Amino acid sequence: MFEAGRLEVDTAYDFTTRPLRRNWSVLAPILTRRALSAGLMPSAERVLLNDSQDESMEKTSSFTVGIVGATGAVGQELLRLLEARGFPISALRLFASARSVGKTVVYKGRNHRVDEARPGVFAGIDVAFFAAGGSVTRALAPDAVKAGCLVIDKSSALRMDPNVPLVIPEINPEALRNHKGIVANPNCSTAVALMGIWPLHRRFGLKRLILATYQSVTGAGTEGEKELEAQVLAHAKGAELPRRVFPRQIAFNVIPQVDAFGANGYTGEETKMMLESRKIMGLPQLPVSATCVRVPVVRAHSVAVSAEFERPVSVAEAREAVSSFPGAELVDDPSRGEYPTPLDFSGKVKCGVGRIRVDTAFPNGLSFWVSGDNLWKGAALNAVQVAELMVREGMLVPRNALAAV
């Protein structure tokens with residue numbers, strides 16, 4: 001059962017035994033097309049998932065895949081990415097809340113019925129992508145794990161659970177070695193920001209981090225996008241602007257609140273960025289301060305970053321570090337007005353990094369700007385990349401293949 005964000009597994013379900021019908025395993029000796037490093041995981045330098053379509057998965061075994069929250073914004077992006085990236089699927093099961101039961105969703109030109117997400121539906125599913133919020137994860141993820149299904153979860157429910165790896169494949173793929181049936185996806189703003197921060201940390205050694213986000217309305221789901229559109233149309237007609245999703249009018253405005261405020265004055269989103277950044281980068285004592293702001297942009301988040309480093313910095317070295325990192329695209333030519341924007345990086349695999357300059361407040365400091373698609377790297381794409389990596393490294397195997405061993 002899940003309680004207070006902790007994962008508790010029935011003691012009768014022993015993760016240390018070699019599975020006969022479970023679809024995932026750290027221990028099963030599965031051969032892959034690439035040599036495995038110690039612990040079945042490649043070093044961070046070997047991970048090239050941002051362009052992993054170049055490494056075809058056509059010859060891998062096919063999986064029964066489930067999507068919980070299939071009718072939402074992230075669920076829809078998951079379907080697009082699974083098809084576009086050629087993830088090997090033999091059967092697809094789609095789930096959502098009771099109000100969506102009976103709807104159909106098109107995948108590869110075929111209609112697929114949406115069923116209710118409830119206990120008991122995960123039998124026979126190899127991997128389930130959860131994109132339906134923390135309460136759904138807490139209610140259903142234990143049932144999926146007991147059924148032998150790997151869960152890759154978008155919600156914040158288990159990100160800080162020490163028993164659940166929180167993974168960005170380009171940064172900490174080794175964390176997958178110790179998964180126990182659930183892998184957590186980071187917060188969308190955290191994922192985008194770290195695509196610029198991580199390569200600079202590897203080059204200079206991160207000491208302190210200050211973040212200010214510019215978060216699009218799709219971070220609040222399809223209803224957030226609808227509210228922005230409705231307010232713009234109402235303004236054009238001179239009508240009263242409807243407001244239900246955001247705490248203030250979002251059209252022609254910015255709102256310095258994403259999530260609820262805590263006792264310390266920071267919102268839940270700001271706290272997530274602090275804690276998740278520390279966990280993913282393995283820097284538990286890193287000083288982090290974030291201010292999260294909602295802006296009237298439809299898609300893709302941006303983050304203004306000021307970072308202090310342990311070693312002396314240079315703009316030239318910083319640009320080289322970013323340009324050589326597989327998760328980032330350097331767009332940084334101020335003399336020509338070239339820098340990343342949300343429009344430029346909507347629907348793109350990589351996150352854009354630019355405006356790199358020496359920070360005037362920090363010694364050994366750099367300031368820079370990152371833009372990236374919150375529905376892709378911030379959610380669906382990262383989840384698919386996790387699954388791709390686990391397939392290639394023999395950590396995710398169809399149960400019919402395991403049963404035959």
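## Two open sheets and the helices on them

Leu 209 stands opposite Val 288 in E11. That pair sits in a predicted model, and it belongs to the pairing of E10 with E11, a parallel match over four bridges. Leu 209 also stands opposite Ala 307 in E12, so to speak a residue with a partner in each of two strands. Below is a quick tour of the sheet around Leu 209, the helices, the other sheet, and the stretches to treat with care.

**The six-stranded sheet**

- This open sheet runs in the order E11-E10-E12-E15-E14-E13, and its pairing is mixed.
- At the edges you'll find strand E11 (288–291) and strand E13 (328–330), each pairing on one side only.
- From one strand to the next, the twist averages 25°.
- E10 covers residues 206–214 and runs antiparallel to E12, with eight bridges joining the two.
- On to E12 (residues 301–309) and E15 (residues 365–372): these pair in the antiparallel sense, over eight bridges.
- Ala 307 turns up again here, with Leu 366 as its bridge partner in E15.
- H6 packs on this sheet and touches E13, strand E14 (351–358) and E15.
- The direction of H6 makes about 170° with that of E14.

**Where H3 meets H6**

- Helix H3 (residues 188–204) packs against helix H6 (residues 315–323) with their axes 8 Å apart, at an angle of about 125°.
- That angle makes H3 oblique to H6.
- As for handedness, H3 passes H6 in a right-handed crossing.
- From H3, the residues in the contact are Pro 199, Leu 200, Arg 203 and Phe 204.
- H6 answers with Glu 317, Ala 318, Glu 320, Ala 321 and Val 322.
- Sort the residues of this contact by type and you get six nonpolar, three charged and no polar.

**The seven-stranded sheet**

- The other open sheet has the strand order E5-E6-E4-E3-E7-E8-E9, again with mixed pairing.
- Strand E5 (104–107) and strand E9 (182–184) are its edge strands, and each pairs on one side only.
- Here, too, the twist from one strand to the next averages 25°.
- E7 (residues 127–130) and E8 (residues 150–153) run parallel, joined by four bridges.
- Within that pairing, Phe 129 has Ile 152 in E8 as its bridge partner.
- Helix H2 (residues 134–146) packs on the sheet, touching strand E3 (63–68) along with E7, E8 and E9.
- H2's direction makes about 175° with that of E7.

**How far to trust it**

- Averaged over the protein chain, pLDDT comes to 88, and 84% of the residues score at least 70.
- Residues 1–22 are a weak spot: pLDDT stays under 50 there.
- Even so, the model has 50 contacts beyond four places in sequence for residues 1–22.
- Residues 25–54 are another stretch where pLDDT stays under 50, and the model has 75 contacts beyond four places in sequence for them.
- Where pLDDT is low, the predicted coordinates should not be read in detail.

Methods:
Residues are numbered from 1 along each chain as its sequence is written. This is a predicted model: local features need pLDDT of at least 70, side-chain atom pairs count only at pLDDT 80 or more; totals for chains, interfaces and linings use all residues. Side-chain values use heavy atoms; hydrogens and water are left out. Two strands pair if DSSP finds at least two bridges between them. Axes are lines fitted to C-alpha atoms, for helices over the stretch in contact, and angles run from 0 to 180 degrees between N-to-C directions. Contact means heavy atoms within 4.5 Å. pLDDT is the predictor's confidence in each residue, from 0 to 100. Angles under 35 degrees count as roughly parallel, over 145 as roughly antiparallel, 65 to 115 as roughly perpendicular and the rest as oblique. A crossing is left-handed if the near helix is turned anticlockwise from the far one by less than a right angle, and right-handed if clockwise. Ala, Val, Leu, Ile, Met, Phe, Trp, Tyr, Cys and Pro count as nonpolar, Asp, Glu, Lys and Arg as charged, and the others, Gly among them, as polar.
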